[in-house]
Each structure stands twice: as C-alpha cells, then as structure tokens.
Amino acid sequence: MSAIDEIKARANVIDLISRYTPLKRAGSIYKGLCPFHNERTPSFVVYPNSGTWHCFGSCGTGGDVFSFLMRKENLDFREALERLAQETGVSLEEQEQEQDRTQKAALYEVNEAAARYFHDLLLHHAQAAPARAYLERRNLDAMTADSFQIGFSLDQWSGLRDYLSSRGFGLDIQLAAGLVKRNEQRESIYDAFRNRVTIPIRDRQGRVIGFGGRVLDDSQPKYLNTAETALFHKSHVVFGIDRAQTAIRDADQVVIVEGYMDVIAAHQHGFENVVACMGTALTPEQLRQLQRYTHNFVLALDADAAGQAATIRGLNQARQSLTRVSKPVLSPGGRVQMMERLDATLRIISMPDGMDPDDVVRRDPALWQQLVARACALGARMARA
C-alpha cells in the first residue's frame, strides 16, 4: 500500500471536515453547510465509506481528504500530503517518493494519450464539425491547430474514459489526472470534458499536464480547466511557456495576455514571446517563472472592466513578487545613497475599445506590433512597493 492510500485509509474524513463545519448524520452519509461558500440550506455531503465529499450547491466540487485540505488551507498536494501524513502517523520515505515519481510519469502518459485522442477527433470525427467551423471562424490554420494539438471532446459521458480504458489506463489514473470525475450519488465515473474544443496545457518541458476546454454553445462555464492534480496547479501554470521561452530570451521581453486563443493567435502570426496567465489574475508563482527569462514585462489583458482590474492586480502582484536590487542614487543634496528598486520594467498595452489581444492580432498584426512598441511605460525598474 502506498503512503497516499495508507493516509486515506487512516484519515477520518468526518473528523477532518468537522473542524471546519458541523456535520450531521443522515443515514450512511453526513451533511452540513458548505465550508467553501455561504449558504443557509446544507448542500455539503460527506461519504465516510469512500472517504470523499461533494458540494451540491454553488461550488459543485468534491474530492477526498487531500483535495479538501488543499482547498480549505490553500495548500499544494505535497503540503497536504505531509500534513496528513503527520496527523495519521504515516512515514513518507524514499520509497514513497519513488512511487510519487512513478505516478507522475503515469499522469504525463495518460495526458499525452488524451491529447492525441482529442486531436484525432477534431480532425476526423463527424461530431467535431462545429469545432472545426469554430476554429475556421477564428482564422486558425491547420498548421497551428496541429502544432498546439488542439482537439475536440465528444458530447458523450464516457468517450474518453472508454478510449483510455481500452488503452490500458485504469480509472484511478484517469481520476488522478482530472480527465474523468466521479459521481458519488450514481456511483459512476464520467468524462470531465464534453462537447468542447480542447487545448493541451503543457509545462516548461512541453509535457501535457492538463487541458482547457471551450464550449461551442451557450453552456457554462465558457472555459473549463483541468481540476487541481499532482501535475496541474493553475496558479503555477503559464500557458505557452514551453513554446515561448526561447523567444522571450531572444526578445528580452514577455507579453502576458489572458487566454489560450490570445496566445495561439499571436504565435500563428509570429509573435512568439506571448504567454497567458490562465485567467484574469497574475500570481507570484507565474511572475517568478517568467523572471527566469526576462526582466521586461508587458501586460496586454482585455480592454473590458475585468481586464483593466486584472492589469492593476497584475502590477501589484509584480511589485510584491519580483526580485529587487539596490542601486546608487544621487539625492537632491548631491549625496549618493542606496535605494531598493524593482528589478523589472513593467509596461501595459492600452487595448482598443471592445477588442482583446486575439482580435487585434487576427485583424491587424501590424497594429499589434505598434501597440507593443509604444506600450505605456510604468517606469524603468520601479522602486515603489
């Protein structure tokens, strides 16, 4: 038995969750108010037999003792593992670390298989015709779609699950990769992505760690990301970094946009130093990753209110997260004193009203170049915290 399985066997999910919200027994399950959002009617259910939980209210999420602790205490998987190991008396030894490495290798493998499957569906399946039409409307050429391995997920509950199972991938590894989900009430396992254009998300080494999926109708959410896994932590992911890192170094500049299609359109038109922050908020982890390649940051988020607010948050995050240097500065009195300054240059692109980076790049690549070139400088190597 692995350390993870042993922790799950020893940990009392009722005791753990009861620290955060009172639970009442209801037959074989326990119910309570969800600890992740405000509610008056209990929608949070704990299943002691399987050691899992699920919110049937606005959260709509669930998981095991690890995922609960990660979400409630804002921990990554390793931190939750170590805390629960200490509480349950399970020793994390070198053998367990090797098992973790083995599992991660399996997660990379199953994600790669899913990416190939989705891409093949996009190219050949009749049900993918609306997805192909959508990409054509976005002026995405076949070479770019192949290069990014863009795919399509069938409008079925078990298309991917059945395919991966037929290729020898067990349900445990599919669940661990976030490719399928478990329905506790119906005791079934179903595909996480259905009837969506799929976009593989890769780490710096180019390995698939998760997926983004865009709907083709009015379903919500419009974009869906892989849930948190041992490989995929949204706050750490910089979309496109595997393809952009060389261009960022060469240009000594990174342009940060909001979405997948912004990055894909930019790369198709030759602007290869563009990456995305996986949402509307830059994180310290993303910024520190990018600072390995350059100290020159350009923010090109959407022109709407959310994009403008995200730009402000991104600047504040940068000031707090990026490294600082001390430099000699001549004071008004003629004395030299050391002053700490931000070791980065931050600029923003003022986007045209009603347009996001994808719109500009597709419609007028020359305008995009101009916008980047005359980006509003916020001050060379800003010192203000």
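**Entry 1. Strand 9**

I began with the side-chain directions in strand 9: Arg 196, Thr 198, Pro 200 and Arg 202 point one way, Val 197, Ile 199 and Ile 201 point the other way, and all are buried. I note that the model is a predicted one. For the strand as a whole, residues 196-202, I recorded 7 of 7 residues as buried, so that strand 9 is mostly covered under the cut-off of under 20% relative accessible area.

I then looked up the pairing of strand 9. Strand 6, residues 151-153, pairs with strand 9 in the antiparallel sense over 3 bridges. Strand 10, residues 208-215, also runs antiparallel to strand 9, and 7 bridges join the two. Which residues stand opposite Thr 198? I found Gly 151 opposite Thr 198 in the pairing with strand 6, and Gly 213 opposite Thr 198 in strand 10.

The connection between strand 9 and strand 10 is a hairpin with 5 residues between the strands. In its turn I noted Gly 206, which has a positive phi of about 85°.

**Entry 2. After strand 10**

I checked the loop between strand 10 and strand 11 (223-225), where Pro 221 is found. The peptide bond that joins Gln 220 and Pro 221 is cis, with omega about 0°.

**Entry 3. The open sheet**

I traced an open sheet of 5 strands in the order 1-2-3-4-5, with antiparallel pairing. Its edge strands are strand 1 (24-26) and strand 5 (62-63), each of which pairs on one side only. Within the sheet I looked up strand 2 (residues 29-32) and strand 3 (residues 44-47), which run antiparallel and are joined by 3 bridges. The bridge partner of Tyr 30 in strand 3 is Val 46.

**Entry 4. Nonpolar cores**

I examined the largest nonpolar core, which holds 62 residues. Which of its members touch the most other members? They are Phe 239, Val 255, Ile 349 and Trp 368. Helix 5 (residues 94-124) gives the largest share of this core, 10 residues. I also noted a second, separate core of 29 residues, which includes Val 46, Leu 75, Phe 77 and Val 90. Val 46 is thus recorded twice in these entries, as a member of the second core and as the bridge partner of Tyr 30. As general background, nonpolar side chains in soluble globular proteins tend to be buried together.

I then listed the contacts of Val 255, not counting residues up to four places away in sequence. Val 255 touches Asn 273, Val 274, Val 275, Val 298, Ala 300, Ile 349, Trp 368 and Val 372.

**Entry 5. Helix 3 and helix 4**

I looked up the packing of helix 3 (65-73) and helix 4 (77-88). Their axes come within 9 Å and cross at roughly 110°. This angle falls in the range from 65 to 115 degrees, and therefore the two helices are roughly perpendicular to each other. The crossing of helix 3 past helix 4 is right-handed. Val 65, Phe 66, Leu 69, Met 70 and Glu 73 in helix 3 meet Phe 77, Ala 80, Leu 81, Arg 83 and Leu 84 in helix 4.

**Entry 6. Positive phi outside glycine**

I recorded Asn 74 in the loop between helix 3 and helix 4, with a positive phi near 55°. Gln 149 lies in the loop between helix 7 (142-148) and strand 6, and its phi is likewise positive, near 55°. Is each residue buried or exposed? Asn 74 counts as exposed, because its relative accessibility is 69%. Gln 149 is buried, because its relative accessible area is 13%.

Methods. Residues numbered from 1 in each chain as written. Predicted model: local features only at pLDDT ≥ 70, side-chain atom pairs only at ≥ 80, totals over all residues. Heavy atoms only, no water. Buried < 20%, exposed > 50% of the residue type's maximum accessible area, 1.4 Å probe, protein only. Helix = DSSP H or I, 4+ residues; strand = E, 2+ residues; numbered from the N terminus. Pairing = 2+ DSSP bridges. Core = buried A, V, L, I, M, F, W, Y, C linked by side-chain atoms within 4.5 Å. Contact = heavy atoms within 4.5 Å. Axes fitted to C-alpha atoms, helices over the stretch in contact; angles between N-to-C directions. Parallel < 35°, antiparallel > 145°, perpendicular 65-115°, else oblique. Left-handed = near helix turned anticlockwise from the far one by under 90°.
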